[in-house]
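Thank you all for making time this morning. Before I say anything myself, please take a moment with the sequence and the model, and then we will go through them together.

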Amino acid sequence: MARPTPELIDALRRTARNLANGSPYQWGHMGGCNCGNLAQVLTKLNKDQIHRYAMQRYGDWNEQVDDYCPTSQMPLDIVINEMLNAGLMLEDLKHLERLDDRAVLARFPLEKRYLKHNVRDDVVAYMNAWADLLEEQLLAKITLPTFSELELA
């Protein structure tokens, strides 16, 4: 599971909001799919740039992730590296593309856990649930100091 970082939580929420507000979505387009839309927010690249980078190799996001090499300097590897730097793990990208991470799906009622990976509203719901999960994990790590009454005087 991803490292819960403020940057990643914000990016998931912004991506979900963008999609809910009508940002271009096309599951079969490397820059306009689930991962592509998140990549746009994290990298500031547009969907066509991401798609063009991806077309320099073969395959969808799952295959691109399998072939990822942090030192290759292939354009999509640089995009993936930026996504990893925000807190994502390679497996997160695969789960996002298929909307199938069990920890995220467990946040939905049983009857709503069967999300379709290529349905905009399901992608929005998944990203919001994932952001909520990561935020809870991040907040659980924060320990506020305790002050005794003497220290307050």
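Let me begin with one term, since I will lean on it throughout: a residue is called buried when its relative accessible area is under 20%, exposed when that value is over 50%, and partly exposed in between. I should also say at once that what you are looking at is a predicted model.

With that term in hand, consider the cysteines. At 0% relative accessibility, Cys 35 falls under the 20% limit and therefore counts as buried. Cys 69, by contrast, has a relative accessibility of 31%, so this residue counts as partly exposed. How many disulfides are there? Since a disulfide here requires two cysteine sulfur atoms within 2.5 Å, the count comes to zero. For Cys 35, the nearest cysteine sulfur belongs to Cys 33 and is 5.7 Å away, and Cys 35 is in no disulfide. Cys 69 is likewise in no disulfide, and the nearest cysteine sulfur to it, that of Cys 35, is 19 Å away.

Let me now step back to the overall picture. The secondary structure of the protein consists of nine helices and zero strands, so that reading from the N terminus we have α-α-α-α-α-α-α-α-α. Taken along the principal axes, the box filled by the C-alpha atoms is roughly 65 × 40 × 25 Å. The protein has 153 residues, of which 42% count as buried. If we take the contacts between residues at least 6 apart in sequence, 59% of them join residues at least 24 apart. As for the surface, the protein exposes about 8,600 Å², and carbon and sulfur atoms supply 53% of that area.

I would next like to turn to one residue, Asp 77, which is found in helix H5, residues 75-85. Is Asp 77 buried or exposed? With a relative accessible area of 2%, Asp 77 is buried. Which residues does Asp 77 touch, leaving aside those up to four places away in sequence? They are Arg 57, Asp 67, Tyr 68, Cys 69 and Ser 72, and you will recognise Cys 69 as the partly exposed cysteine from a moment ago. Two of these neighbours also meet Asp 77 through polar contacts between side chains: one with Arg 57, at 2.8 Å, and one with Ser 72, at 2.4 Å.

The pairing with Arg 57 brings us to the salt bridges, of which a search of the whole structure finds seven. Arg 57 and Asp 77 form one of them, with their closest N and O atoms 2.8 Å apart. This pair links distant parts of the chain, since Arg 57 sits in the loop between helix H3 (47-54) and helix H4 (61-66) while Asp 77 is in helix H5, the two being 20 residues apart. Arg 57, with a relative accessible area of 19%, is itself buried, because the limit is under 20%.

A further salt bridge is formed by Asp 66 and Lys 94, whose closest N and O atoms are 2.4 Å apart. Here too distant parts of the chain are linked, with Asp 66 in helix H4 and Lys 94 in helix H6 (residues 90-98), 28 residues apart. Asp 66 is exposed, its relative accessible area being 53%.

Then there is Arg 107, which forms a salt bridge with Glu 136, the closest N and O atoms being 2.7 Å apart. Arg 107 lies in the loop between helix H7 (102-105) and H8, and Glu 136 lies in helix H8, so the pair ties together parts that are 29 residues apart in sequence. Both partners are partly exposed, Arg 107 at 33% relative accessibility and Glu 136 with a relative accessible area of 46%. In addition, salt bridges that share partners join Arg 13, Asp 132 and Glu 135 into one network.

Finally, let us look at the surface once more. Leu 139, Ile 142 and Leu 144 form a nonpolar patch there, and together they have about 340 Å² of accessible area. Of these, Leu 139 lies in helix H8, residues 120-140, and at 52% relative accessibility Leu 139 counts as exposed. That is where I will stop, and I am happy to go back to any part of the model with you.

Methods. Residues numbered from 1 in each chain as written. Predicted model: local features only at pLDDT ≥ 70, side-chain atom pairs only at ≥ 80, totals over all residues. Heavy atoms only, no water. Buried < 20%, exposed > 50% of the residue type's maximum accessible area, 1.4 Å probe, protein only. Patch = residues over 30% accessible without salt bridge, like charges linked within 9 Å, V, L, I, M, F, W, Y side chains within 5 Å. Areas by Shrake-Rupley, 256 points an atom, 1.4 Å probe, with all protein chains shown as cover. Salt bridge = Lys/Arg side-chain N within 4 Å of Asp/Glu carboxyl O. Helix = DSSP H or I, 4+ residues; strand = E, 2+ residues; numbered from the N terminus. Polar contact = N/O pair within 3.5 Å; in protein donor to acceptor, adjacent residues only side chain to side chain. Contact = heavy atoms within 4.5 Å.
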